[in-house]
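Trainee: I have a protein chain to look at. Could you take me through it step by step?

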Amino acid sequence: MRSELEVNRADERYSDTVRRLCMIHLKNYADTEPVKTCSKAFSAAAR
């Protein structure tokens, strides 16, 4: 299991890139919102 610090760093580092890639492929901002939700869930799970 990753530490909370590692998860937070990965989230900070990669979340914007992942959201941009989702936007490119989905072409709809509303469809990219679950990415933000998943990111929050993974951060919470690491705690």
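Mentor: What follows is a set of short questions and answers on this predicted model.

Trainee: How many helices and strands are there in the protein chain?

Mentor: Start with the helices. Helix α1 covers residues 4-26, and α2 covers 29-45. The count for the chain is two helices and zero strands.

Trainee: What share of the residues is buried?

Mentor: A residue is buried when its relative accessible area is under 20%. In α1, Val7, Ser15 and Cys22 meet that test. The protein chain has 47 residues, and the buried share is 17%.

Trainee: How much of the accessible surface belongs to carbon and sulfur atoms?

Mentor: Take the total first. The accessible surface of the protein chain is about 4000 Å². The share of carbon and sulfur atoms is 58%.

Trainee: Where is the kink in α1 centred?

Mentor: Follow α1 along residues 4-26. The helix has a kink of about 45°. The residue at its centre is Tyr14.

Trainee: Which residue forms a salt bridge with Arg19?

Mentor: The whole structure holds one salt bridge. Its closest N and O atoms are 3.5 Å apart, and a salt bridge needs them within 4 Å. The partner of Arg19 is Asp16.

Trainee: How many helical turns separate Arg19 and Asp16?

Mentor: An α-helix has 3.6 residues a turn, so residues three or four places apart point the same way. Arg19 and Asp16 are three residues apart in helix α1. Their separation is therefore about one helical turn.

Trainee: Are Arg19 and Asp16 buried, partly exposed or exposed?

Mentor: Partly exposed means between the 20% and 50% limits. Arg19 has a relative accessible area of 24%. Asp16 stands at 42%. So Arg19 and Asp16 both count as partly exposed.

Trainee: What is the phi of Lys27?

Mentor: Lys27 follows α1, in the loop between α1 and α2. It is exposed, with a relative accessible area of 65%. Lys27 is not a glycine, yet its phi is positive, at about 55°.

Trainee: Which backbone nitrogen lies 3.1 Å from a polar atom of the Asn28 side chain?

Mentor: Asn28 also belongs to the loop between α1 and α2. At 33% relative accessibility, Asn28 is partly exposed. The backbone nitrogen at 3.1 Å from its side chain is that of Ala30.

Trainee: Which residues are in contact with Met23, leaving aside its neighbours within four places in sequence?

Mentor: Met23 lies in helix α1. It is partly exposed, at 35% relative accessibility. Contact needs heavy atoms within 4.5 Å. With those neighbours left aside, the contacts of Met23 are Asn28, Tyr29 and Thr32.

Trainee: How far apart in space are Met23 and Glu33?

Mentor: Met23 is in α1, while Glu33 is in α2. They are ten residues apart in sequence. From C-alpha to C-alpha, the distance is 9.8 Å.

Trainee: What separates the C-alpha atoms of Glu33 and Cys22?

Mentor: Cys22 is one of the buried residues in α1. Glu33 is partly exposed, at 28% relative accessibility. Along the chain, the two are eleven residues apart. Between their C-alpha atoms the separation is 9.5 Å.

Trainee: Which side chain makes a polar contact with the side chain of Glu33?

Mentor: Glu33 sits in helix α2. Its polar contact has a distance of 2.9 Å, inside the 3.5 Å limit. The partner side chain is that of Tyr29.

Notes. Residues numbered from 1 in each chain as written. Predicted model: local features only at pLDDT ≥ 70, side-chain atom pairs only at ≥ 80, totals over all residues. Heavy atoms only, no water. Helix = DSSP H or I, 4+ residues; strand = E, 2+ residues; numbered from the N terminus. Buried < 20%, exposed > 50% of the residue type's maximum accessible area, 1.4 Å probe, protein only. Areas by Shrake-Rupley, 256 points an atom, 1.4 Å probe, with all protein chains shown as cover. Salt bridge = Lys/Arg side-chain N within 4 Å of Asp/Glu carboxyl O. Bend = angle between axes of the 7 residues up to and from the residue. Polar contact = N/O pair within 3.5 Å; in protein donor to acceptor, adjacent residues only side chain to side chain.
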